[in-house]
Amino acid sequence: MMHFADSLTFSGRKVVAAWAALPFPAFPGSSLPDTLSAHQDVPWKLLSSWREQKVSCCFAQSVVLRGICKEKPSSPGRPRPPLQSCESPEQELQQYLHARFPGAFSTSLVLQQPCDTRPPFPQFFSPLLTSRGFLLDKAQGSSSAGVGSIPVLAALQSSPVLRSLLAGLCRELRARRCRSFSTAGLEQDDFQEALEELQTLSQCYQTGFGADGSEDEADSD
């Protein structure tokens, strides 16, 4: 994982953020282009405990999607949306990523096999899911079989969101004033040096056009 993260970082950046859609929000029988175009924002969320962030740009990313049905053929004579003009689901996802994050380095992979969620996987899913993890218009009651599989999207991103996340971590550590770290044998000078390196690392995720709305808050530290 460390080497994989290294392949997505450059220009002094060392950290990537994990995102996921579990399950990926798709209706039964819907094509990948239909599902992607149904969302105004990217349909995956940050896995960090840091407050919810929206991503409008990123520097590099790797995205894996699994468990989505193959695209149904379009009706004869009906124009095909741009994504449906692609030859494969991989190309559809790749084109979507390029449209959402122009200029970013993006890799994508689409797998047909869904994520297995049969016991002992915890059944914490909404009743608005089918047994295969697809969305329903309304709940149909609980099923004794539960949700046996789900479509999943997972992503690793190097993005401006990490600036506010790293700056926030630096603030929290500075507020502790090395109390818990000194008992572990960490010298004050080493602690201050680590804080400075963390602050410098957070600044590597700054953009010139304010893509992350929380950057001004990070600068106020």
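This is a quick briefing on the fold, the aromatic contacts, the salt bridge and a surface patch of the structure above. Keep in mind that the model is predicted. The protein chain has 221 residues, and 42% of them count as buried. Its make-up is 7 helices and 7 strands.

**Overall layout**

- If you walk along the sequence, the elements of the protein chain come in the pattern α-β-α-β-β-α-β-β-β-β-α-α-α-α.
- There is an open sheet of 5 strands, and its order is β2-β1-β7-β3-β4. The pairing in this sheet is mixed.
- β2 and β4 sit at the edges, and each has a single partner strand, so one side of each has no neighbour in the sheet.
- Inside that order, β3 and β7 are next to each other. β7 covers residues 152-158, runs antiparallel to β3 and is joined to β3 by 7 bridges.
- For a spot to look at on these two strands, try V63, which stands opposite A155 in β7.

**Aromatic pairs**

- The structure holds 4 aromatic pairs.
- One of them is F59 with Y205, a tilted pair with 6.4 Å from centre to centre and 50° between the planes.
- Where do F59 and Y205 lie in the chain? F59 is in the loop between β2 (45-46) and β3 (60-66), while Y205 is in the loop between α6 (188-203) and α7 (215-219), so this pair ties together parts that are 146 residues apart in sequence.
- Are F59 and Y205 buried or exposed? Both F59 and Y205 are buried.
- F124 and F125 make a tilted pair too, because their planes are at 45°, and tilted covers angles that are neither under 30 degrees nor over 60. The ring centres of F124 and F125 are 4.9 Å apart.
- F124 and F125 differ in cover: F124 counts as exposed at 52% relative accessibility, whereas F125 is buried, with a relative accessible area of 14%.
- F121 joins in as well, since ring pairs link F121, F124 and F125 into a cluster.

**An arginine over two rings**

- R13 lies over the face of F59, at 3.6 Å from the ring centre.
- R13 also lies over the face of Y205, this time at 6.0 Å from the ring centre.
- Put together with the ring pair, R13 lies over F59 and over Y205, and F59 and Y205 are themselves paired.

**The salt bridge**

- Side chains of opposite charge can pair when their charged atoms come close.
- How many salt bridges are there? The count comes to 1.
- The partners are R118 and D116, whose side chains meet at 2.8 Å, N to O. That is a salt bridge because the cut-off is 4 Å between a side-chain nitrogen of Lys or Arg and a carboxyl oxygen of Asp or Glu.
- On the R118 side, the residue is exposed, with a relative accessible area of 56%. On the D116 side, the residue is partly exposed, at 42%.

**A nonpolar surface patch**

- V64, L109 and L111 make a nonpolar surface patch of about 200 Å².
- L111 is in strand β4, which covers residues 105-111. As noted above, β4 is one of the strands at the edges of the sheet.
- L111 is partly exposed, with a relative accessible area of 36%. That value lets L111 qualify for the patch because patch residues need over 30% relative accessible area.

Methods
Residues are numbered from 1 along each chain as its sequence is written. This is a predicted model: local features need pLDDT of at least 70, side-chain atom pairs count only at pLDDT 80 or more; totals for chains, interfaces and linings use all residues. Side-chain values use heavy atoms; hydrogens and water are left out. Patches are made of residues with over 30% relative accessible area and no salt bridge: like charges are joined within 9 Å, nonpolar side chains (Val, Leu, Ile, Met, Phe, Trp, Tyr) within 5 Å. Accessible areas come from the Shrake-Rupley method with a 1.4 Å probe; for residues, only the protein chains shown count as cover. Helices (H or I, at least four residues) and strands (E, at least two) are DSSP runs, numbered from the N terminus. Buried means under 20% relative accessible area, exposed over 50%, partly exposed in between (1.4 Å probe, protein chains only). Rings of Phe, Tyr and Trp (its six-membered ring) pair if their centres lie within 6.5 Å; planes under 30 degrees apart count as stacked, over 60 as edge-to-face and the rest as tilted. A charge sits over a ring if NZ of Lys or CZ of Arg is within 6 Å of the ring centre and within 35 degrees of the ring normal. Two strands pair if DSSP finds at least two bridges between them.
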